[in-house]
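The exercises below ask you to read a structure piece by piece, each with a solution worked out step by step. Please keep the sequence and the model in view as you go.

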Protein chains: 2
Amino acid sequence: MTEKTATSALGADIPGSRDKPLFTPGPLTTSATVKQAMLRDLGSRDFVFMETVRDIRGRLVALAQAEGKGYETVIMQGSGTFGIEACIATFTPPGGKWLCAINGAYGKRFAAIANALGISTVEAVFPENRRVDPGAVAQALQDNPDVTGVATVHCETTSGIMNPVEEIGALAHAHGKRYFVDAMSSFGAVPLDVPGAHIDYLVSSANKCIEGVPGFSFAIVRKEALLECRGWARSVCLDLLAQWEGLEKTGQFRFTPPTHALLAFHQALKELDAEGGVPGRAARYRANHDTLVAGMRAMGFREFLDPGDQGCIITSFYYPEHPAFDFDTFYKLLNDNNCVIYPGKVGTADCFRIGSIGRLFPPDFEALLGAIRRALTAMGVTLKEGS
Amino acid sequence: MTEKTATSALGADIPGSRDKPLFTPGPLTTSATVKQAMLRDLGSRDFVFMETVRDIRGRLVALAQAEGKGYETVIMQGSGTFGIEACIATFTPPGGKWLCAINGAYGKRFAAIANALGISTVEAVFPENRRVDPGAVAQALQDNPDVTGVATVHCETTSGIMNPVEEIGALAHAHGKRYFVDAMSSFGAVPLDVPGAHIDYLVSSANKCIEGVPGFSFAIVRKEALLECRGWARSVCLDLLAQWEGLEKTGQFRFTPPTHALLAFHQALKELDAEGGVPGRAARYRANHDTLVAGMRAMGFREFLDPGDQGCIITSFYYPEHPAFDFDTFYKLLNDNNCVIYPGKVGTADCFRIGSIGRLFPPDFEALLGAIRRALTAMGVTLKEGS
């Protein structure tokens, strides 16, 4: 462990933890108290547990700015992608067709899952370093009147780009289409008026900006859009209507829930509240991101995205244009220096990614910058504007 | 907390825990050390994590007595039922048909999931207090030559009955059919030679007899039967072949795994080993069950099953034939006395169920018996052979 990490906010938050801070899109570093909330065994039909689930569902509707506006939270076991597939499997009417507005791997994945389930899609594809263009979406809607729903990604984890989900929602609404938003890596850290954006179905995951542990995803769904889908589900487990009905009728899950992950998530929601809710969390992630970008620029790194399109969740940097740079070596050197960055690269560009989310603070990013500097030195990489 | 519980093995195992022991089929009471294994945040692509997953997969094959016999473990996010649906969705060939040997809710569920996926079934149905009859299965196989697979449940949680999975497997094998066993509530506590029983696909869950926390299921699959199913999957998430290929190719999950639940499970497997493996655990559960049954009989309760058909996992007792007995009151009185039993009743009979599994020891069952005695007294229920 480097000296910097030892004195970082992270070090203070998890005394004695030997785990490396995770500068990734998840699973993330979580607080000690979130993890400690898992030191219990509650029955899945226990009153305390059912009350916890009820409170979680209400808090998520509130985070979506949807209280009293006819929205429901449905929790689904499994990872975020299980929630995505559940939405597609539950909410696509027979013969339905999705217009997928795509500028990265997660937009593509939505279309691929729909196609695997035998559901038609039309794809409006944009470069990975460009936002989805609402004008092109409007054109696609005009060209494809048989489309029943529009799907896009809020923060595309492929690059970290923020898509204009409000504008796309207004278009979907104007054309009378259902609207799906994958808010996996943004929900809880980017203010979003879900009813105002005309979102019918939003999906996110326990182990992203709410800072829980992995084990389930959740859908925030307009109740009318939920109730209309009876008989459409293409799966038993991944049926969000049946899941909602079970939770409403008995307070229980149809199938065993990840009780410990839900207890952790409840604690994480309370900690989000204590941090000032979505704006408070957004401010910390912005500070993390700003610390990172300032330091990376000072070393000579360049970002993949225009700053105006860039969220505070994930930042993509071009590989340095230096013959001695090798990403695998770089990754390993950082890992040896106690810093875990995202191991994959952006789809088409020679970039690597660093996450600003999870229980991390600017001092953790100072430590990461120090580790990056040492890694470059070790590789013999010097950059034009190197510090 | 009652005096008895305070001095029980459970109390010793979890110092300071205020949680009620769970005499249920799961989620179960787990050891403190299993839960403490979750006090870490590992990246899902971290070497230590991937090595943990690799070790888990190998240990499960060994528990199935299938080492070196061409079997593979595939872990699936979600509850046990997600693993069941994944098996059906992945392993049923186009036009395939299952013969379902059913004597309870979980056998029925298999058929219901298959039907929901548009897959045909033939059902051989037996009373809930009778084992599946291999003779009737043989007849059904002769009557339905278009069947491609046979499915049954090892320990049917509905009643706790043990089905003759070896005999049924021999029949499936002799008829050239694939063979699925739902070993949800038995795997790890009932010795089973999976290759010897001609099992192609076995499913169990993290939070049953291995004594982990809920969050995933696992399938132990004959590799040849796994590889033949390319192109059959009816889901992206619940595709066991794709999941296996991801784990084999990169050591990683395709979609975010429940890292904490997997760390807990790894610890649970080590504790199973320390207890003497499957025979050791079976002995403790048998001691729990024997303590329970002796005490219940002494109070005048009668078991639903013949002792010869009864496993040591779950025991069903008839409601007392006394006008003052009310199950909801009984359940609540036990709950107030720190004992959580299974809240549901057996499908067709007026019975309640008590689980013998999880991190519980005979003294915990002595405490439960005391609570049951007090509950009967409080309700004014006197039984014929009451102590």
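**Exercise 1. Place A:E303 in chain A and describe its surroundings.**

Begin with its location: A:E303 belongs to the loop that runs between helix 12 (277–299) and strand 11 of chain A, where helices (H or I, at least four residues) and strands (E, at least two) are DSSP runs numbered from the N terminus. Before going further, note that this is a predicted model, in which local features need pLDDT of at least 70 and side-chain atom pairs count only at pLDDT 80 or more, while totals for chains, interfaces and linings use all residues. Residues are numbered from 1 along each chain as its sequence is written, chains are lettered from A and ligands numbered from 1 in the order in which they are written, and side-chain values use heavy atoms, with hydrogens and water left out.

Next, consider exposure: A:E303 has a relative accessible area of 16% and is therefore buried, a term that means under 20% relative accessible area, with exposed meaning over 50% and partly exposed in between (1.4 Å probe, protein chains only). Then look for its neighbours: leaving aside residues up to four places away in sequence, A:E303 touches A:V293, A:R297, A:T315, A:S316, A:F317 and A:Y318, contact being heavy atoms within 4.5 Å. Finally, the side chains of A:E303 and A:R297 are joined by a polar contact of 2.7 Å; such a contact is a pair of N or O atoms within 3.5 Å, where within protein one must be able to donate a hydrogen and the other to accept it, and residues adjacent in sequence count only if both atoms are side-chain atoms.

**Exercise 2. Describe the open sheet with strand order 1-12-13-11 in chain A, and find what packs on it.**

The sheet has four strands, and its pairing is mixed; two strands pair if DSSP finds at least two bridges between them. At its edges are strand 1 (22–23) and strand 11 (314–318) of chain A, each of which pairs on one side only. Taking up strand 1 of chain A, we find that two bridges link it in the parallel sense to strand 12 (residues 340–345) of chain A, and that A:F23 has A:I341 as its bridge partner in strand 12 of chain A. Helix 14 (residues 362–379) of chain A packs on the sheet, where it touches strand 1, strand 12 and strand 13 (351–355) of chain A, and its direction makes about 150° with that of strand 13 of chain A. Here axes are lines fitted to C-alpha atoms, for helices over the stretch in contact, and angles run from 0 to 180 degrees between N-to-C directions.

**Exercise 3. Explain why strand 10 of chain A is described as largely enclosed, and name its pairing partners.**

Of the seven residues of strand 10 (residues 216–222) of chain A, six are buried, so the strand is largely enclosed by the rest of the structure. One partner is strand 2 (residues 71–77) of chain A, which runs antiparallel to strand 10 of chain A and is joined to it by seven bridges; within this pair, A:I75 is matched with A:F218. Another partner is strand 9 (residues 201–205) of chain A, again antiparallel, over five bridges, with A:L202 matched to A:I220.

**Exercise 4. Which residues of helix 8 of chain A are buried, and what covers them?**

In helix 8 (residues 165–174) of chain A, the buried residues are A:V165, A:I168, A:G169, A:L171 and A:A172. Seen down the helix axis, these residues fall within an arc of 160°, so they line one face of the helix, the arc being that of the directions from the helix axis to the C-beta atoms. Their cover includes helix 7 (134–143), strand 5 (149–153) and strand 8 (178–182) of chain A. After helix 8 of chain A comes A:G176, whose phi is positive, near 70°.

**Exercise 5. Work out how chain A and chain B are related.**

A turn of 180° with a shift of 0.0 Å along the axis lays chain A on chain B with an RMSD of 0.0 Å, the copies being superposed by least squares on the C-alpha atoms of residues with pLDDT of at least 70 in both. The two copies are thus related as by a two-fold rotation axis. In chain A, the C-alpha nearest this axis belongs to A:G78, at 2.2 Å. The same surface serves both copies, since 98% of the contact residues of chain A recur in chain B.
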